[in-house]
Amino acid sequence: MTDPTPFLQQFPATRMRRNRRDDFTRRMVREHSLSPDDLIYPVFVHEGSGKRQAVPSMPGVERLSLDLLLPVAERCLALGVPCMALFPVIDPALKTPDGAEAANPDGLVPRVVSELKKRFPELGVLTDVALDPYTSHGQDGVLDDEGYVINDRTVEILVRQAQVQAQAGVDIVAPSDMMDGRIGAIRQALESGGAIHTRIMAYSAKYASGFYGPFRDAVGSAANLGKGNKKNYQMDPANSDEALREVALDLQEGADMVMVKPGMPYLDIVRRVKDTFRVPTFVYQVSGEYAMLKAAAANGWLDERQVVTESLLAMRRAGADGILTYFSLDVAQWLRDAR
């Protein structure tokens, strides 16, 4: 990077505050911006009709049945949020050690995808490809006798899950499991099955983070997981170079977009990924980040609108092309109100 210092005149010829004096100049010289186009709205869906359940650890977030989700999709379109990400809350009776319900063509997610695309074809729909909402043990794959996730057998089920979602009409499948080789296997299956337009957003650098707790409460996997962890397949928070290898492999295998997860604690990873690969790069402001900001705002310690907007701008500044955030609709409304 070129050192800018030799090109700057000294004070008082250079007064850095000049361009900060007025709102119009601040807007003119602003390097990064935030718009509804940058947002993906994660939602939780469960079976039934007229069912609405609050997620206690995520104030303002609810599990919704399909009929109540449809108005949310309509609001996304009205506010200009281009895509909604679906996360299922599965009936415990359907959970098994192998998570086979994930590949059921008549399951919850395929039915919701089909209805959303029929009602709102212009709204992007993204689906999670992972087994943890479907397994009785809460892990993202099939376990051996020692409790270790079996990679290749898990990938076989993930491929069927992605195929079922593509057949239902989903726009983007997003494998979040962190199994080796799953992007290539899913891409090959989609291509051979004629789903050549189905995009893959790979959770390429997904860390074994403590910030996922409220999400696991929301989808009902926390109790199943118990005291277990996912450190033998999700990334070590201490590693940075490894993230670049993961991204490179996923791109070689056919990913159209890549993601870093969580968000704020890993913005250095976002910057490295964007600088290295120059591909569509996304970041997930995860449930724990959402819950912290909500709790601080509820206690009057922080201004919610200011800190949420600032945190998302930081992600954009780090290089993110788009952000999955539970604040999507709030932010889109704030941006509209500010016009």
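Q: At 47% relative accessibility, what does arginine 119 count as?
A: This is a predicted model, and in it arginine 119 has a relative accessibility of 47%. Buried means under 20% and exposed means over 50%, with a further class in between. Because 47% falls between these two cut-offs, arginine 119 counts as partly exposed.

Q: Which residue meets arginine 119 in a salt bridge, with 2.8 Å from N to O?
A: The partner sits in helix α3 (residues 108-119), 4 residues from arginine 119, so about one helical turn separates the two. This partner is buried, with a relative accessible area of 17%. The residue whose side chain meets that of arginine 119 is glutamate 115.

Q: How many residues apart in sequence are the parts that arginine 182 and aspartate 250 tie together?
A: Arginine 182 forms a salt bridge with aspartate 250, and their closest N and O atoms are 3.6 Å apart. Arginine 182 belongs to helix α5 (residues 182-192), whereas aspartate 250 belongs to helix α8 (residues 241-253), so the pair ties together parts whose separation in sequence is 68 residues.

Q: Which helix holds arginine 272, the residue that ties to aspartate 241 in helix α8?
A: Arginine 272 and aspartate 241 form a salt bridge, the closest N and O atoms being 2.7 Å apart. The pair ties together parts that are 31 residues apart in sequence, because aspartate 241 lies in α8 while arginine 272 lies in helix α9.

Q: At 52% relative accessibility, is aspartate 241 counted as buried or exposed?
A: Its partner arginine 272, at 31% relative accessibility, counts as partly exposed. Aspartate 241 has 52%, and because the cut-off for the upper class is over 50%, aspartate 241 counts as exposed.

Q: Within what arc do the buried residues of α8 fall, seen down its axis?
A: The buried residues of α8 are Ala243, Leu244, Glu246, Val247 and Asp250. They line one face of the helix, because, seen down the axis of α8, they fall within an arc of 160 degrees.

Q: Which exposed residues does α8 carry on the face turned away from its buried side?
A: On the buried side, what covers α8 includes α5, β7 (199-206), β8 (257-261) and α9. The face turned away from that side carries the exposed residues Asp241, Arg245 and Gln252.

Q: What span is expected for α8 at 1.5 Å a residue?
A: Helix α8 has 13 residues, and from its first C-alpha to its last it reaches 19 Å. The expected span takes 1.5 Å times one less than the number of residues. The reach of α8 is close to this expected value, which is 18 Å.

Methods: Residues numbered from 1 in each chain as written. Predicted model: local features only at pLDDT ≥ 70, side-chain atom pairs only at ≥ 80, totals over all residues. Heavy atoms only, no water. Salt bridge = Lys/Arg side-chain N within 4 Å of Asp/Glu carboxyl O. Buried < 20%, exposed > 50% of the residue type's maximum accessible area, 1.4 Å probe, protein only. Arc of directions from axis to C-beta. Contact = heavy atoms within 4.5 Å.
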